[in-house]
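Reader: Got a minute to go through this one with me? I'd like to start with the packing and then move on to the empty spaces.

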Amino acid sequence: MEGSNNKIRWLHLSDFHIGKEGYDQTYFLGRIVEHVSERLKAGYQLDYVFITGDIANRGAEKEYERFLEEFIIPLEVAAPNLLGKLFHVPGNHDIDRNTFGAFDRNAILQTTSPHFEVSEESQRQREVLANRFKAYIENDITGYAEFFNQPEGAYTKEFTHGNQKIAVVGINTSWLCRDDKDFRAITPGKAIVTEALAKVSGADLTIVLGHHPMDWISREHAQPIGQIFGSHHVIYLHGHMHTPWVAPSYTGVNPYLNVQCGASYQAKEGGIDKNGLVWGEVDFDKQTLSVQPWQWNYELQEWKINEQALPEGSRAGQWWKTLTPKRQSAIFNLKVNEPKALPGGWEIQSFDSLKGNHAELPPQEAINFFNGAVPTWRIAISSSINSRRIVGKAANVFRNILTAERPIVVCITSAGCEGKSTALLQAAYEVVKTHPKLKILRRFNDNRPFDEKTILDLTEGADQWLIVLDEVQEADAILDFIEKNISLIQGRIHFLIACRDSTWISSGSQLRWSITDFRNEKLSGITTTDAESIVSAWAAYGDEGLGALANTAKTRRAEILKQYADEEVRKGESGALFGALLLVRHGDDLYDHAKMLVEKLDTIPISDDRTLKDAITYVAIMHAIDHTYLSKEVLQHALNIDQGKFQARVIRPLGEEAAASQTSNYVLTRHKYIAKEILKVLSAELASDLKERYLDLVRSASQLAKSGFYLRDLESWRFKLSGHFMTVGDTNFAIEISEEILKASSSDVYMITYLAKLLRTDNRSRGAVDLFRNYRDELGRNKRSFYFSWGVAESEDSPIQGAALSLFSLSDDCEYMPYEFEEVVYLLSGISEIFKRLHARYIDTEYMDAYLSVCSLLVDCHLHKESADIGGNAQQYKQQVERKLYPAIPHKARIEHLQSAFNLCISYPATPVIVEKIGGCGTLGFDSLTRIIDNIIKLKAR
């Protein structure tokens, strides 16, 4: 389970009931921490810890203090860097029952009740309910509990794992809990849930934390909340029932998953009731949720997997698996009972249908292939194209295919542009030529999904099949298909696939094919025999076929080709074989080859006002600068061509002309050498406005994202492209790109902050200041970096205003969300520089005190991470304290110094927009800063 990086993993805990017991409970907390530590030492990755309520037994302050000392601090030691990745919500035992228990629950449960709206007025309405959770909120170290006492009434947090966006939402199902009649008399608040999930709409995975199962929610509230959960495809983690369980809930066509955790402590060991926990993980490639419930075994005095907790039918080894809600929804919406038909992008072939292609190619078609055209059956199995050694090796694996008892799977792997597509088709033809009764099911459009139902429907019956797939991205899906249907397909359905090396390695499936007769044939570089075979095919078409080799001695041609190929491999170039072919065939004339290619493409229309030259321009300008994230969707949008026509009018003809190729997600030129030469042609001879073409792509990416389309490389378009032009010295164009992106997302604080940084780097600090000052919309998330960057920009001309903004960015008044550790260090480091400048310019002691206090805070941060660079200012302060030149500063005094410095800064006349934003703050709150420093000191003390 630990193999793939495209997973997130968590520990789900619930129902601790701290205070219920003394020694026995302390003992169990230690056993949980010990279990986590052992798991991590064994190599398991832990991304989050989720606690779904009933931390305390009676909602008393001393119970939360004990929970911190006996569990949270030891857990942080066992699993470092979990600060910010720990989430919890309250349960019915986190209520102080002595506080206001005489409310009218029925009145509040009315669907027209104002208590659970997201507004300040509604917050005041439910204040009496929130007061019952006072000890829970005030003793929370995560910083999220405070939101239950805010207008939001819930919290949300988003993370990024690779290309996946993860959302965590915490809700309070215990607002109305008070007695033994809570069943179907409680609610987390429909409006609160709606608004919380709307904030994270579009996440790849949404995890909602609550305490109670959905069937405990009032019927009038449960149904609409269930619909909301379903529409967001959430995984709902909860507790309360003290036993683990997993079950889907269906709301029309939108399912969500309920995952129930057992009690982390419900009774002393040795009794009937068992204490337990649940490990969980989501595999994004397979779209599966896996859970693993554990319970404490009294007799063995160790944790054991709870094998009786969940149905055996969903068990896979030591885990219980189910599809994610998104995947379930896709299956639920499949049309059923439709007549069988060959889906688009797939074809069925046989030896009889293919053998007519084994003929000599016309000269121009052969030359195009020699120059890199994408192979078809007609080209690959023609008599004009010789087979390389790997073709015979791959085909020979299928020699006993008619009597095979297990599926045979052969995977040809190589880097891009190494000839694997040609080898794949040639090997498939050799197999059916030897076994003419075999049928081939081939996917010729790599955009089409590998769909289990489609494969089973098309291969139903007694026939034997060879499924041929190129540019495979779904190795795990193929393996799952075989494992799931092994009784149906063994000896009858076999696979011949091709895959890029990087994709194959990242799939993590290469070691799991034991139920098949599996062979991985690797294609890298060329042998001497292969080189001789390739040059022989070229020579059959005379000087035009040989290209630049025409004037080379016949005995030297293959040797030269192999030397070039070996050199490309040695340099580590992607597409080493095709790079060698280009260099050998065209030599110094590669520019002329690119020029002729562009001229020809300009004669092939794709719409009323566009030709293939426009398409290759977009592709080449990105590939030439090593920015290989031009997706098909962005290219299609930039060309303004219908999706249904895009493959036939753009992708396929570009391949046939040896101009471009595609992966499952991206479009590239056939080789970077081609891209660079096309860029030269377009720049020097055709005087194309290439910068405008870059902007076309940027606009297309931005507009797609704004329309709600999930663009996996959005961050590259937003930041990497402009970063490239900054690096090469074209700062004006880098700024123009960022300004273009900002037009499509005017309220994006990330882009404003980034653009301001570019302006400052280009010595346009005034422009950066104006950018911040002119931004008047309500700020969303990440306000800290916005105000800090604003402060840095202002400090160029007005260090006092810059200091005020920077201090504001550090405070809770700016953003009441827990810090990430790196964020604290970043903010403090910048603020120390600002106060260092202020102290040098002015004589006010408040600035010196603030400077020393910030350095002192940085030294504390250094305690948390000994390898961290605390910066020159903090290092000097630390040395001065050690030499007794400065006294150590208590934390309370440090906060007071920051406040005094802020008061002094805002006492000076300020720009109206700054006064408007922070002028009325008065006393700043630094609870979040205090909390993380306290935690660092406590962890260090242990």
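Reader: Which residues touch the most other members in the largest nonpolar core?

Author: This is a predicted model. The largest nonpolar core has 150 residues, and those touching the most other members are Trp 538, Leu 561, Val 650, Trp 717, Leu 721, Phe 835 and Leu 929.

Reader: And which helix gives this core its largest share?

Author: Helix α36, residues 845-864, with ten residues.

Reader: Let's take Trp 538. What does it touch, leaving out residues up to four places away in sequence?

Author: Trp 538 touches Phe 370, Gly 545, Leu 546, Leu 549, Leu 561, Leu 581, Val 584 and Arg 585. Leu 561 is also on that list of core residues with the most contacts to other members.

Reader: What's in the second core?

Author: That one is separate and has 105 residues, including Val 49, Phe 50, Trp 279 and Val 291.

Reader: OK, holes now. How many cavities of 30 Å³ or more turn up in the whole structure?

Author: Five. The largest cavity holds about 270 Å³ of space, and the second largest has a volume of about 100 Å³.

Reader: What lies nearest the centre of the largest cavity?

Author: Leu 83, Gly 84, Ile 141, Thr 142 and Asn 935, out of 20 lining residues. The elements giving two or more residues to that lining are α2 (61-78) and α40 (927-941). α40 gives the most, six residues.

Reader: How does that lining divide into nonpolar, polar and charged?

Author: There are 13 nonpolar residues, four polar and three charged.

Reader: And which residues line the second largest cavity?

Author: The lining is made up of Ile 55, Tyr 64, Phe 67, Leu 68, Ile 72, Leu 86, His 88, Tyr 136, Asn 139, Asp 140, Ile 141 and Thr 142. Here α2 and β3 (86-89) are the elements that give two or more residues, and α2 has the largest share with four. By type, eight are nonpolar, three polar and one charged.

Reader: Hang on, Ile 141 and Thr 142 came up before.

Author: Yes, Ile 141 and Thr 142 are among the residues nearest the centre of the largest cavity, and they line the second largest cavity too.

Reader: Last thing, confidence. What's the mean pLDDT of the chain?

Author: The mean is 87, and 93% of the residues reach 70 or more.

Reader: Where is the pLDDT below 50?

Author: Over residues 334-339, a stretch that has zero contacts in the model beyond near neighbours in sequence. Where pLDDT is low, the predicted coordinates shouldn't be read in detail.

Conventions
Residues are numbered from 1 along each chain as its sequence is written. This is a predicted model: local features need pLDDT of at least 70, side-chain atom pairs count only at pLDDT 80 or more; totals for chains, interfaces and linings use all residues. Side-chain values use heavy atoms; hydrogens and water are left out. On a 1 Å grid over the protein atoms alone, a cavity is a set of points where a 1.4 Å probe fits but cannot get out, and a pocket is an open set with protein on both sides within 12 Å along at least five of seven lines; lining residues have an atom within 4 Å of a point. Grid points are joined across faces, edges and corners, and a volume is the space filled by probe spheres set on the points. Ala, Val, Leu, Ile, Met, Phe, Trp, Tyr, Cys and Pro count as nonpolar, Asp, Glu, Lys and Arg as charged, and the others, Gly among them, as polar. A nonpolar core is a set of buried Ala, Val, Leu, Ile, Met, Phe, Trp, Tyr and Cys residues joined through side-chain atoms within 4.5 Å. Buried means under 20% relative accessible area, exposed over 50%, partly exposed in between (1.4 Å probe, protein chains only). Contact means heavy atoms within 4.5 Å. pLDDT is the predictor's confidence in each residue, from 0 to 100.
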